[in-house]
Each structure stands twice: as structure tokens, then as C-alpha cells.
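This briefing deals with the empty spaces in the structure shown here and with one residue whose surroundings deserve a careful look. The topics are taken in turn, beginning with the residues that line a pocket.

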Amino acid sequence: MGYKVGVGISNKHLHVSDADLETLFGAGAKLTPIKELVQPGQYAADERVDIVGPKSTFKGIRIIGPTRPQTQVEISATDARALGLDVPVCESGKLDGTPGVKLVGPAGELDLAEGVMIALRHIHLSPSEAEEAGLKDKDIVDVQTFGTRPVIFQDVLIRSGDPHRNEFHIDTDEANAAGVENYQEVEIISGPK
């Protein structure tokens with residue numbers, strides 16, 4: 001294969017629905033963009049909440065905008081253990097069977113029935129990038145990292161469509177294990193499985 005992609009490391013964060021945003025921040029609340037992200041239209045918002053688990057609380061966790069139809073909390077396996085939750089690895093937006101958690105904002109709090117997940121590692125590609133790589137949406141590939149602790153990440157999901165842009169998303173646990181940093185290049189080494 002040999003197709004290169006840049007790394008984007010995801011620290012714990014959440015996406016919120018419009019209704020949950022108002023519960024946490026008050027009626028009429030809107031997200032305040034402070035930094036554009038690599039994926040078109042996505043941004044780090046100024047708004048933060050506390051995530052309260054059975055064993056611990058994470059303070060001031062950033063919301064990523066824009067709002068979504070369902071609130072989703074993305075953490076690593078290390079974060080899950082710290083919170084005291086049994087959290088599955090799953091594709092973004094596929095939240096059936098995920099645990100809930102308490103979210104606390106400046107104007108209110110809510111108990112999510114579900115929505116806490118460890119994101120399945122994935123690669124974003126625009127349609128033209130996917131075509132160039134010989135891939136399509138939902139393909140599964142392997143990715144080689146480079147450096148002092150090289151690893152091969154197996155079973156990486158391809159997410160292609162508008163608006164996507166070349167980026168390999170892994171969480172902080174995976175990045176630390178592989179010794180990779182944001183924007184570092186890695187390589188797709190297998191065709192679709």
C-alpha cells in the first residue's frame with residue numbers, strides 16, 4: 001500500500017446534543033469555537049464539563065463541536081479504569097451497550113444512560129484521498145508507525161466521505177504505546193481486509 005496519513009491523538013473529550021448543552025450551560029446555550037481541528041467543521045469549544053464516575057471525577061473536560069444528535073463521551077482505557085467504568089471499544093455514534101456517566105456543567109447536570117466509549121481507531125479520508133489510496137468507507141486496514149517504538153495497528157476503520165480529511169485517529173493510550181505524536185506520518189500497509 002504505502003499510503004501516508006498524519007496522526008491525530010484524541011485526549012478525553014465529549015460531543016453533546018443541543019438539549020444536553022442547554023441542560024449543562026443554560027437555555028439558549030451555544031458552543032464557542034476556540035480552535036479549528038483538522039476535520040473540516042470540527043472545533044475545540046471553550047465549554048468544559050466535569051465527568052463523574054463511580055471511582056473518580058475528571059474536571060474541565062473539553063467539548064468538541066458542533067453539537068450532535070446524541071451526547072458521546074470519548075475516553076481511553078486508562079481513563080475508563082480511573083472512572084471505574086467498563087467501557088467498550090466502538091465506532092463513533094454506535095452507542096448501544098455503552099455505559100452512562102454523570103456530566104456536570106455550570107448550569108446543571110445530567111445522568112447519561114449511555115454514551116461513554118473508547119473510540120475504535122480509524123482513519124479519516126476525503127473521497128479523493130480514499131480513491132488515491134484504493135480504499136472506501138468502512139474498509140479495514142493495518143497501519144505501521146515509525147520511530148523508537150514502532151508498532152503495527154491492526155483493524156483500523158476507514159471513514160471516508162464529505163467532510164473528511166487525511167488523519168489517523170488514536171487515543172492517548174495507543175499513541176503512548178507506539179511513541180507517536182500529533183501530525184507524525186504513519187503508513188497504511190495493507191489493502192482492505
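In this predicted model, the lining of the largest pocket divides into 12 nonpolar, 19 polar and 8 charged residues. That pocket has a volume of about 1,000 Å³, and its lining is made up of 39 residues. The points below give the elements that build this lining, then turn to an enclosed cavity and finally to Lys12.

**The largest pocket**

- Nearest the centre of the largest pocket, among its lining residues, lie Ser10, His13, Leu37, Gln42 and Ile64.
- At least two lining residues of the largest pocket are supplied by each of the strands β1 (3–10), β2 (13–15), β3 (33–36), β5 (57–65), β6 (72–74), β11 (122–125) and β14 (167–171).
- The largest share of this lining comes from β5, which provides 4 residues.

**The largest cavity**

- The structure holds 1 cavity of 30 Å³ or more, and the volume of the largest cavity is about 120 Å³.
- The largest cavity is lined by 17 residues, and those that lie nearest its centre are Ser10, Glu74, Ala119, Ile170 and Asp171.
- By residue class, the lining of the largest cavity comprises 4 nonpolar, 7 polar and 6 charged residues.
- Both β14 and α4 (172–178) supply at least two residues of the cavity lining, with β14 giving the largest share, 3 residues.
- Ser10 is thus named among the residues nearest the centre of the largest pocket and also among those nearest the centre of the largest cavity.

**Lys12 and its surroundings**

- Lys12 is found in the loop between β1 and β2, and it counts as partly exposed because its relative accessibility is 23%, a value that falls between the 20% limit for buried and the 50% limit for exposed residues.
- The charged end of Lys12 sits over the ring of Phe58, at 4.7 Å from the centre of that ring.
- Leaving aside residues up to four places away in sequence, Lys12 touches Phe58, Ile61, Glu74, Ile75 and Asp79.
- One of these contacts, Ile75, is 63 residues from Lys12 along the chain, yet the C-alpha atoms of the two residues are separated by 4.5 Å.
- Glu74, another residue that Lys12 touches, is listed among the residues nearest the centre of the largest cavity.

**Aromatic rings**

- As for pairing between aromatic rings, the structure holds 1 aromatic pair.

Technical notes: Residues are numbered from 1 along each chain as its sequence is written. This is a predicted model: local features need pLDDT of at least 70, side-chain atom pairs count only at pLDDT 80 or more; totals for chains, interfaces and linings use all residues. Side-chain values use heavy atoms; hydrogens and water are left out. Rings of Phe, Tyr and Trp (its six-membered ring) pair if their centres lie within 6.5 Å; planes under 30 degrees apart count as stacked, over 60 as edge-to-face and the rest as tilted. A charge sits over a ring if NZ of Lys or CZ of Arg is within 6 Å of the ring centre and within 35 degrees of the ring normal. On a 1 Å grid over the protein atoms alone, a cavity is a set of points where a 1.4 Å probe fits but cannot get out, and a pocket is an open set with protein on both sides within 12 Å along at least five of seven lines; lining residues have an atom within 4 Å of a point. Grid points are joined across faces, edges and corners, and a volume is the space filled by probe spheres set on the points. Ala, Val, Leu, Ile, Met, Phe, Trp, Tyr, Cys and Pro count as nonpolar, Asp, Glu, Lys and Arg as charged, and the others, Gly among them, as polar. Buried means under 20% relative accessible area, exposed over 50%, partly exposed in between (1.4 Å probe, protein chains only). Contact means heavy atoms within 4.5 Å.
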